[in-house]
Amino acid sequence: MAGTELEQQTTVLTRVAVNGTPHALSLDPRSSLLDVLREQLGLTGAKKGCDHGQCGACTVHVNGRRVVSCMTFAVQTDGCEVLTVEGLSARDGPLHPMQQAFIDHDALQCGYCTPGQIMAAIACVHEGHANSPHQIREYMSGNLCRCGAYVGIVEAIEQAALQLTER
Ligand code: FES
Ligand code: FES
């Protein structure tokens, strides 16, 4: 009983829309957004690389802005809209132009960094930071790829940027 009371005292109701689906979650205020996405909502696209804000593998969007979800308290997303890689395209629908561009340019090897790369890449374009290969490299520098697929990643972003900015 004491444990239950303690639990009730230390959880925080957080209302958040994830990929368009509303959730009302009772959260430990210390939980990272990454852990809540992966362990409570079953959205395992965002990856845990370093868990210290240094690799970008966990990148998602909160209210349209990219964040490293390992360094974001889940309770901070109360009232927000979160978009993960799973929300970019319907399961049987066409891929998002950035997803397709990563395939077209062979911009991955093991794929572990790829969901974070794609979410960061979309934000990079929307921020207006994809105007040259140099600028893309600079604004994607927070997303590491241990397989060294950087050449393909930059090419993919250049391709998708043309389509996304035409819209
Ligand atoms: S897991 Fe979040 S930045 Fe590395
Ligand atoms: S594709 Fe393997 S870490 Fe980037």
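Me: Before the helices, what does contact mean here?
Reply: Contact means heavy atoms within 4.5 Å. The model is predicted, so local features need pLDDT of at least 70 and side-chain atom pairs count only at pLDDT 80 or more, while totals for chains, interfaces and linings use all residues. Residues are numbered from 1 along each chain as its sequence is written, and side-chain values use heavy atoms, with hydrogens and water left out.

Me: Which residues of helix 3 meet helix 6?
Reply: Pro 97, Met 98, Ala 101, Phe 102 and Asp 104 do so. Their partners in helix 6 are Ile 153, Ala 156, Ile 157, Gln 159, Ala 160, Gln 163 and Leu 164. Sorted by class, this contact has nine nonpolar, two polar and one charged residues. Here Ala, Val, Leu, Ile, Met, Phe, Trp, Tyr, Cys and Pro count as nonpolar, Asp, Glu, Lys and Arg as charged, and the others, Gly among them, as polar. Helices are DSSP runs of H or I with at least four residues, strands are runs of E with at least two, and both are numbered from the N terminus.

Me: And at what angle do the two helices pack?
Reply: The angle between helix 3 (residues 97–104) and helix 6 (residues 150–166) is about 145°, and their axes are 8 Å apart. Axes are lines fitted to C-alpha atoms, for helices over the stretch in contact, and angles run from 0 to 180 degrees between N-to-C directions.

Me: Moving on to Thr 114: is it buried or exposed?
Reply: Thr 114 has a relative accessible area of 9%, so it counts as buried (under 20%; exposed is over 50% and partly exposed in between, with a 1.4 Å probe and protein chains only). Thr 114 belongs to helix 4, residues 114–126.

Me: What does Thr 114 touch?
Reply: Leaving aside residues up to four places away in sequence, Thr 114 touches Phe 102 and Leu 108. Phe 102 is also one of the helix 3 residues that meet helix 6.

Me: Which residues have a positive phi although they are not glycine?
Reply: Asp 51 is one of them, with a phi of about 60°, and Asn 63 is another, at about 50°.

Me: Where are they found?
Reply: Asp 51 lies in the loop between helix 2 (33–40) and strand 3 (59–62). Asn 63 sits in the loop between strand 3 and strand 4 (65–68).

Me: Why is Asp 51 called partly exposed, and what of Asn 63?
Reply: Asp 51 is called partly exposed because its relative accessibility is 31%. Asn 63 is also partly exposed, with a relative accessible area of 49%.

Terms used. Chains lettered and ligands numbered in written order.
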